[in-house]
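User: Could you take a close look at one part of this model for me, the charged side chains that pair up inside it, and then show me what lies around them? I would enjoy a connected account that I can follow in the viewer.

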Amino acid sequence: MPELKRLHADHTSAVLAFELANRAYFAASVSDRGDAFFDQFTDRFNALMAEQEAGICAFYVLVAEDGSVLGRFNLIDIEDHTAELGYRVAQRVAGRGVATATVRELCRLAAGRHGLRTLRAAAARQNTASQKVLTKAEFVPVGPADPAHLGGKPGTWYQRELVLPPYGTFLPGGPLQEPGGHH
């Protein structure tokens with residue numbers, strides 16, 4: 001059974017393999033990351049790890065039983081109990097509910113582990129799969145997204161208000177919630 005794990009330095013080669021194997025698939029719905037992304041992958045990965053360590057972002061990977069990465073799920077620009085959600089799943093698991101289930105799980109982690117109250121995500125108009133994932137995961141459209149944010153493509157911002165778990169609830173990998181929902 002696939003497991004959602006916090007991104008760790010040990011995931012470097014599996015994440016690169018995931019990105020390379022799915023490059024053409026991703027480019028069909030979002031802007032291609034370009035050759036420079038792959039040429040500088042190790043440096044970029046290390047920068048992500050530094051951002052995560054600083055608490056600016058939280059990165060997760062959905063890992064299959066064989067250790068391969070099935071998806072990336074990111075909480076970006078964490079500030080004032082709000083973050084932007086970004087995600088991508090491998091073509092081999094697309095259309096099977098994997099993205100929706102994992103986005104729902106990440107919403108629980110965002111509230112319980114990271115103390116977030118609001119998540120936002122942008123989806124390009126032509127990316128109907130991503131729109132469906134967000135809608136099924138209880139995000140609602142809140143307005144147009146700047147095409148510059150979506151690689152020059154028009155789109156929509158979606159938002160979900162998160163509910164913090166009740167006091168005393170233990171979340172795997174996270175602390176108990178303090179009174180008032182703060183850690």
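Analyst: Happy to help; here is a walk from the charged pairs to the pocket, the cores and a few backbone details.

Please keep in mind that this is a predicted model. Let's begin with the charges. Side chains of opposite charge can pair when their charged atoms come close. Searching the whole structure turns up 2 salt bridges. One of them joins the side chains of Glu 19 and Arg 72, with 2.7 Å from N to O. Its two ends come from distant parts of the chain: Glu 19 sits in helix α1 (residues 12–21) and Arg 72 in strand β3 (residues 69–79), 53 residues apart. The other brings together the side chains of Arg 88 and Glu 19, at 2.9 Å from N to O. This pair also links distant parts of the chain, since Arg 88 belongs to strand β4 (residues 82–89) and Glu 19 to helix α1, 69 residues apart. Through shared partners, Glu 19, Arg 72 and Arg 88 form one network of salt bridges.

Are these side chains buried or exposed? Both Arg 88 and Glu 19 are buried. Glu 19 counts as buried because its relative accessibility is 1%, under the 20% cut-off. Arg 72 has 5% relative accessibility and counts as buried too.

Arg 88 also leads us to the largest pocket, which holds about 1,400 Å³ of space. Its lining has 45 residues, and the closest to the pocket centre are Val 30, Arg 33, Gly 86, Tyr 87 and Arg 88. Two or more lining residues come from each of α2 (23–27), α4, β3, β4, α5, β5 (118–124) and α6 (128–136). Both strands of the charged network, β3 with Arg 72 and β4 with Arg 88, are therefore among the elements that give at least two residues to the lining.

Next to Arg 72 in sequence comes Phe 73, which takes us to the nonpolar side of the picture. In soluble globular proteins, nonpolar side chains tend to be buried together. Here the largest nonpolar core has 47 residues, and those with the most contacts inside it are Phe 73, Val 103, Leu 119 and Phe 139. Helix α5 (residues 98–112) gives the most to this core, with 8 residues. If you select Phe 73 and set aside its neighbours within four places in sequence, its contacts include Leu 4, Ala 58, Phe 59, Tyr 60 and Leu 62. Phe 73 also touches Gly 86, Tyr 87 and Val 89, along with Ala 99, Thr 102, Val 103 and Leu 106. Two of those contacts, Gly 86 and Tyr 87, are the ones you met close to the pocket centre.

Gln 52 shares some of these contacts. Gln 52 lies in helix α4 (residues 41–54) and is buried, with a relative accessible area of 10%. Beyond its neighbours within four places in sequence, Gln 52 is in contact with Arg 6, Leu 7, Cys 57, Ala 58 and Phe 59. Cys 57 counts as buried at 2% relative accessibility, and Cys 107 is likewise buried at 2%. The structure has 0 disulfides.

A second, separate core of 5 residues includes Ala 122, Ala 124, Ala 145 and Trp 157. Ala 124 brings in Pro 154, as their C-alpha atoms are 5.7 Å apart although the two are separated by 30 residues along the chain. Pro 154 lies in the loop between β6 (140–145) and β7 (155–161), and counts as partly exposed at 35% relative accessibility. Leaving out residues up to four places away in sequence, Pro 154 touches Ala 124, Arg 125 and Pro 147.

Finally, two backbone details are worth a look. Most residues other than glycine have a negative phi, and most peptide bonds are trans. Asp 77, which is not a glycine, has a positive phi of about 55 degrees. Asp 77 is found in strand β3, the strand that also carries Arg 72, but Asp 77 is exposed, with a relative accessible area of 51%. Asp 80 has a positive phi as well, near 50 degrees. Asp 80 is in the loop between β3 and β4 and is exposed, with a relative accessible area of 67%.

Technical notes:
Residues numbered from 1 in each chain as written. Predicted model: local features only at pLDDT ≥ 70, side-chain atom pairs only at ≥ 80, totals over all residues. Heavy atoms only, no water. Salt bridge = Lys/Arg side-chain N within 4 Å of Asp/Glu carboxyl O. Helix = DSSP H or I, 4+ residues; strand = E, 2+ residues; numbered from the N terminus. Buried < 20%, exposed > 50% of the residue type's maximum accessible area, 1.4 Å probe, protein only. Disulfide = S-S within 2.5 Å. Core = buried A, V, L, I, M, F, W, Y, C linked by side-chain atoms within 4.5 Å. Contact = heavy atoms within 4.5 Å. 1 Å grid on protein atoms, 1.4 Å probe; cavity = no way out; pocket = protein on both sides within 12 Å on 5 of 7 lines; lining within 4 Å. Points joined across faces, edges and corners; volume = space filled by probe spheres on them.
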